[in-house]
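The exercises below ask you to read secondary structure, sheet topology and a chain interface from the coordinates. Please work through each task before turning to its solution.

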Amino acid sequence: MLYHIDRPTSYIVVGNRLKGAKPLEVTFKDVTLSYDGKREILHHLNFTIPEGTLVSILGPSGCGKSTTLMMISGLLAPTSGKIFFGDQDVTKKDALARKVGMVFQNYALYPHLSVLENIEFPLKMAKVPKKDRKKKAIELAKLVHIDDQLDKKPGALSGGQQQRVAIARALAKEPSLLLLDEPLSNLDARLRIEMRQEIRRIQQETGVTTIFVTHDQDEALHISDHIMVLNQGQIQQFSSAETLYDNPSNLFVSQFIGEPVINTLDITDFDRELEGHVDAEILQRAKKVGIRPEALQDHDTGSETLTTIATKVKHSEKYGREKNALLDFHGKPLLTTEMRAEVADEQELPLYLQRHGFYLFDENGVRIFGGDQDA
Amino acid sequence: MLNAKPTIKSTLKALLYLLPMLVISITFSIYPIIKSFIMSFYTKYDFFNDIVSAYGFDNFKFLFSDPDFHIAIKNTLIFVVGVVPLTVILSLVIALLLNRIKWLSGFFRTVYFLPFVTSTVAIAQVWHWIYNSDYGLLNYFLSLFGVSAVSWLESPKYAMLALIIMSVWKNLGFNIILFLVGLNNINERYYQAAEIDGANAWHQFTNVTIPLLSPITFLVSVNGVIGSFKVFDQIFALFNGTPGPSKSALTIVYYLYQKFYTEWKYGIAAASGVVLFFMILLVTVFQLWYSKHHVHY
């Protein structure tokens, strides 16, 4: 399967776009990576990252997302397959020749150099004259709002400031591709939100194709044009955040995306509630049922309702604007976030199962019902 | 309690903990240092009865007019300048190479470390044979390149060179281990970042390895300078208890040894020790000052 996405038409460029290299499209053709010839880390990756977009690679730890990034950067070579930047085959080129910018998880700022010298470093390596180097570095420091810390050493900066320096350094040589490896994972919650907006802003101001690796779905959903969900070295789905949530292509994606987590039941947990509402042939093939917590309403919604199910309230609680109830359905727990009426524990409660947010998956975990295309 | 205020009782308790180490270092380090400082000012000393009848600067005056002492200072400086940079550079290069090879790396590390754990006398005996002008390994090796036999240990011209070569070789092992530790402490990420930033292998070496290794380089060179200023046992063993042909390997500590043990001029021996002390102090202070600007912790 080849994952290909068109450049979004709603793409906005804010502010003065810094003149830089033309943004690049990145293509993986049947890329496989194995360590010591045995353990395969990534299996036959095929995808195209459109130029000028911000794409997140999202997955649980150990899924191969950082490895994928290392292969794009040229620090790791694929065992087989080809990597293209635009229409140029870069598979055999090392990191030096690929000229990408990269922000590492721990920033990897040179501890012996000042902020200014860190940002200047790629320019120094490119033999840019000293004067131009400094001018460009200060310009970048202003872009990432770190121009008041130029003489300090990285050790004297806070995590967020180091992060900004790392981004400025990565942008210094005007890369056509910016890679970010879990750049926010060392920051505290508030700073993380601030920095992800900053990264979005900087990406839009520079227009550079950006690939962002994260294990945090919230980060990926907020920041990116497109999200590639990776699990066990395979692409699960590559689409926009909205599609990922509304039309998960398989059980893994449906469970990985969404907070609270989707309710997952076996098809055998249902008696006859689905009969007549879902095609008999599909019902025959279905193995697992996924129900988003918001797809369980406590009142009739007319044509939006697929069917009703009989449940018993086990526990209900209210946090801020959220009102949740944990229910019992044929001995299995169900969570809903859509309680309107006051309910008591142990109360019998009929629930209206919504079409939107209800999925059936076959024995391979592939979605066969629910979402946009009922296939 | 971490925030407890120091009291007389707690201070006494702390002193009690420090006592064993204090007793040892006062007896064997502090007292001898003070005593030798005082001794360097003895001008009239009856060492049979331990009676000092006059103090003064005569010992130092003697040193500054003694041609042997001038030779000793000159030789010591040649030795330090010859040994330290060579040791630092060679051990860094060997550590870099050892860090690269995966195959038999443990074996090579052991081989390079062996000189450090071997007695100087044994090492000197081996080198004595290597340096032998008639049937030595080194001359045989040089003869392959058409160089005629060199009398390494007998000629005043080559004695210091022979001493420097042996000392460098002896010092390598320990310094290689230190450099290997330093190299392993440099996070791989810095090299990856440098590669991404467009640094080739040489630029990675000069911009990542050298600066991040500077604390170890500093340690190795300070250690080397102090050790080389105090050189004695290698000379004694290599030249069979003489300071080399025509005093060509006479160093300050060897001078001190001669004055103390063979001539029984305690005051002069102590004074030369004091001179050595200040020379080492001067160089070390300079190194510390230099490190403030060039060593990155």
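Helices are taken here as DSSP runs of H or I with at least four residues, and strands as runs of E with at least two. The model is predicted.

**Exercise 1.** Determine what percentage of residues 12–34 of chain B is helix, and how far apart the end C-alpha atoms are.

Solution. The UniProt record, in an unreviewed entry, lists residues 12–34 and 266–290 of chain B among its "transmembrane region" features. Across residues 12–34 of chain B, the assignment is 100% helix and 0% strand, with the end C-alpha atoms 26 Å apart. For residues 266–290 of chain B the assignment is likewise 100% helix and 0% strand, and there the end C-alpha atoms are separated by 36 Å.

**Exercise 2.** Establish the strand order of the open sheet in chain A, and find which strands stand at its edges.

Solution. The open sheet of chain A consists of four strands, arranged β2-β1-β4-β5 with antiparallel pairing. Because β2 (39–49) and β5 (88–89) of chain A each have a single partner strand, they stand at the edges, and one side of each is left without a neighbour in the sheet. Strand β1 (residues 26–35) of chain A is joined to β2(A) by seven bridges, and within this antiparallel pair Thr27(A) lies opposite Thr48(A).

**Exercise 3.** Describe the side of chain A that touches chain B, by elements and by residue class.

Solution. Contacts involve 17 residues of chain A and 14 residues of chain B. On the chain A side, α2 (95–98) and α3 (115–125) are the elements that give two or more residues, and α3(A) gives the most, with three residues. By class, this side of chain A comprises 13 nonpolar residues, three polar and one charged.

Terms used:
Residues are numbered from 1 along each chain as its sequence is written. Chains are lettered from A and ligands numbered from 1 in the order in which they are written. This is a predicted model: local features need pLDDT of at least 70, side-chain atom pairs count only at pLDDT 80 or more; totals for chains, interfaces and linings use all residues. UniProt positions are given in the numbering used here, feature names are shortened, and annotations may be inferred rather than shown by experiment. Two strands pair if DSSP finds at least two bridges between them. Two residues are in contact if their C-beta atoms, placed from the backbone, lie within 7 Å. Ala, Val, Leu, Ile, Met, Phe, Trp, Tyr, Cys and Pro count as nonpolar, Asp, Glu, Lys and Arg as charged, and the others, Gly among them, as polar.
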